[in-house]
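Here are some short exercises to help you find your way around a new structure. Try each task yourself before you read its solution.

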Amino acid sequence: MVQLRLLGPVEIETDEGRPLALGAGRIRTVAAVLISEVNQAVTVQRLIDLAWDGEPPARARGVVHNHVHRLRQLLDGHAELVTRGQGYVLIADPAAVDSHRFRSLVSAARDADPRAAVAMLRRALGLWRGEALADVPGDRVRRTLGVGLAQARVAALQELGAKLLLLGRYGELVTELTAWTAEHPLHEELAALLMRALQANGRQAEALDHYHRTRRHLKEQLGIDPGPALGAAYLEVLGRGPAVPPPPSAVRPPAGPPPAGPYAEGPRPAVPPRVAQLPPAVVDFCGRARELAVLEQHLDRVPRPHCLVLAGGGGTGKTSLAVQWAHRLTAEFPDGQLFVDLRGFERPPLRAGTALSAFLRALGVPEAAIPDSVPERAALYRSLLAGRRMLVVLDNAGTAEQTRPLLPATPGCLAVVTSRRRLSGLVVRDGAVLVGVGPLTPGDALRLLANALGPQRIEADKPAARELVRWCDGLPLALRIAAARLMAHPEWPLGWWTRKLADERRRLQELSAHDADLAVEASLYLTYRALSSGAARLFRVLGLHPGPRVGELDAAALAGRDVARTRRHLAELCDAHLLEEQPQGHYVRPELVRLYAAQRAVAEETRADRDLAVRRLLDQVARLRPARG
């Protein structure tokens, strides 16, 4: 079923999990209105009024027709967009629209018992990926469609807060409401709810401080005093009104001896709050249908894997893929998401103990209660995750050892690890599932360029666009850098810049973002620096080989080493995704990797050593020429 999304940037995703490339501009406004009124006729005049804020140009009707024609092409085979009377109707299952699912879940939660209602409301709020219609141009359409959705979102949070308060889950409530009141500092009902949660959590001073802070905001920005809801909460915190009831678990202490463990002699930790640490998803994410399908297949397995490893070379977009998929899974893991960049290929990498401390703080453990040793931190971390459904994203891992203490043990949780290495130790010892992430397909690479530069610029010179994809090896990092350079110079023809990249001597230099610490060369350097000395030297001398395909005998000749040792170093290069093993002892490498290897050879090998390596290779070829012929 096609997925239609308004709760964040406007998205249309096919049955295969492929986002459609809507492009930018008012086509997103047209799409948003049609999606919000799915199965209902929307007149052309209404589309014009919303798209141009009531001040359309003379050609507005033709522009709307063009946008509808483009949407029809994109939706072909996935949903119908038909003409009806003086307008159009998008025909689709209402359940495919995220705003419809949100309202249905909120409505169902009203009639459910408190625990079920909390789960439903978390699923509903988890559908949001940011501000509704975040990338739609025009104030009128956002006021018409977005304001009601934003109000419904706040109302759902109020309902969730009331249910958590009823269940005595005060720690969770404080964490969530703190973030929401920061976003909505003038919303009195949310402020009142946070005050009651703080009071119930034994934090009366913070509750009173929040009241005075909200009162000051209301006076300074709106010129009004607090209303009845906030005033009643203030009196309750002061002890002059009805107190918040204690949680059900506090009515009668459990029988039996006190619990053992790190909290036996002191206060037990609060109920772990819900955390949402995922970074924003890439707005124009495209492609990766195969990888997403593989991930979904593993998620549907019984029993599920507890760890998935996304492994690929630098610049292949592993983090973007992991974050994109993780955002889609927020309803599947209603207790929250943890995220950490392990900096596995930087110096120094993030230690597992440091990452565990950050996770424990996010889960509500006071700093003073965090154990000193890594094993104790890992044990406490897994205890807090027990019985919960949480997603843990461990980005940019360097080794299996760095990752292992951070893996959850409870069946309801899932860890998604990204790495430039295959992390075979996690696969062999921990039962992780390995998913390879390679370059984009040519079609997806062209779509990425079209999303960034506009389809008209790509269509104007498609052969040059295909050449650009080729020189970038289909790497998302290289393509985005190239697109950024071209966006800064809209007058540049694609063919002119493609010809610059055709020059091997300057290709790596051109594929760098001069105003940011991003470059294909820098990405390859991080991988290269992490190699053993033997594998690094083999990588350099392979740069003296002119072709993309290298045999293991030729590699041994270039390195001046025996075949057995060379095979071990070749395996390390494959594990780091600098080479790809082929049948019959052959290895291939992307063109950008070959250029970087040649660069390292010139920089780090003496002229005499380079000449000697080439002579050994030529002697090897001469010895094998009769057999090869």
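**Exercise 1. Find the contacts of V275, leaving aside its neighbours within four places in sequence, and decide whether V275 is buried or exposed.**

Solution. Keep in mind that this is a predicted model.
- Step 1: Beyond those close neighbours, V275 is in contact with D335, G336, Q337, L338, A362 and M390.
- Step 2: Take one of these partners, Q337. It sits 62 residues from V275 along the chain, yet their C-alpha atoms are separated by 5.8 Å.
- Step 3: Place V275 in its element, which is strand 6 (residues 275–276).
- Step 4: The relative accessibility of V275 is 7%, so V275 counts as buried, the cut-off being under 20%.

**Exercise 2. Work out how confident the predictor is along the chain.**

Solution.
- Step 1: Start with the whole chain, where the mean pLDDT is 86 and 93% of the residues reach 70 or more.
- Step 2: Then look at the elements: strand 10 (residues 414–419) has the highest mean pLDDT, 97, and strand 12 (residues 512–513) the lowest, 72.
- Step 3: Next, find the stretch with pLDDT below 50, which covers residues 241–272. In the model this stretch has 31 contacts beyond near neighbours in sequence.
- Step 4: Predicted coordinates should not be read in detail where pLDDT is low.

**Exercise 3. Show which parts of the chain are tied together by the salt bridge of R404 and D430.**

Solution.
- Step 1: Opposite charges on side chains can pair when the charged atoms come close.
- Step 2: For R404 and D430, the N to O distance is 2.8 Å.
- Step 3: R404 lies in the loop between helix 15 and strand 10, while D430 lies in helix 16, so the pair ties together parts that are 26 residues apart in sequence.
- Step 4: Both ends are buried, R404 with a relative accessible area of 14% and D430 with 18%.
- Step 5: Now look at T403 in helix 15 (residues 400–403). T403 is buried, with a relative accessible area of 0%. Not counting residues up to four places away in sequence, T403 touches L342, L394, A397, V417, L423 and L426.

**Exercise 4. Describe the surroundings of E552, starting from its salt bridge with R567.**

Solution.
- Step 1: The closest N and O atoms of E552 and R567 are 2.8 Å apart.
- Step 2: E552 belongs to helix 25 (residues 552–559) and R567 to helix 26, and the two are 15 residues apart.
- Step 3: Compare the two ends: E552 is buried at 16% relative accessible area, whereas R567 is partly exposed at 43%.
- Step 4: Helix 26 (residues 563–575) also holds T566, which is buried at 3%. Leaving aside neighbours within four places in sequence, T566 is in contact with E552, as well as L538, A555, A556 and R561.

**Exercise 5. Find out how the buried residues of helix 23 are arranged around its axis.**

Solution.
- Step 1: In helix 23 (residues 520–529), the buried residues are V520, S523, L524, T527 and Y528.
- Step 2: Viewed down the helix axis, these residues fall within an arc of 135°, so they line one face of helix 23.
- Step 3: An α-helix has 3.6 residues a turn, so residues three or four places apart point the same way.

Note on methods:
Residues are numbered from 1 along each chain as its sequence is written. This is a predicted model: local features need pLDDT of at least 70, side-chain atom pairs count only at pLDDT 80 or more; totals for chains, interfaces and linings use all residues. Side-chain values use heavy atoms; hydrogens and water are left out. Buried means under 20% relative accessible area, exposed over 50%, partly exposed in between (1.4 Å probe, protein chains only). Helices (H or I, at least four residues) and strands (E, at least two) are DSSP runs, numbered from the N terminus. The arc is that of the directions from the helix axis to the C-beta atoms. Contact means heavy atoms within 4.5 Å. pLDDT is the predictor's confidence in each residue, from 0 to 100. A salt bridge is a side-chain nitrogen of Lys or Arg within 4 Å of a carboxyl oxygen of Asp or Glu.
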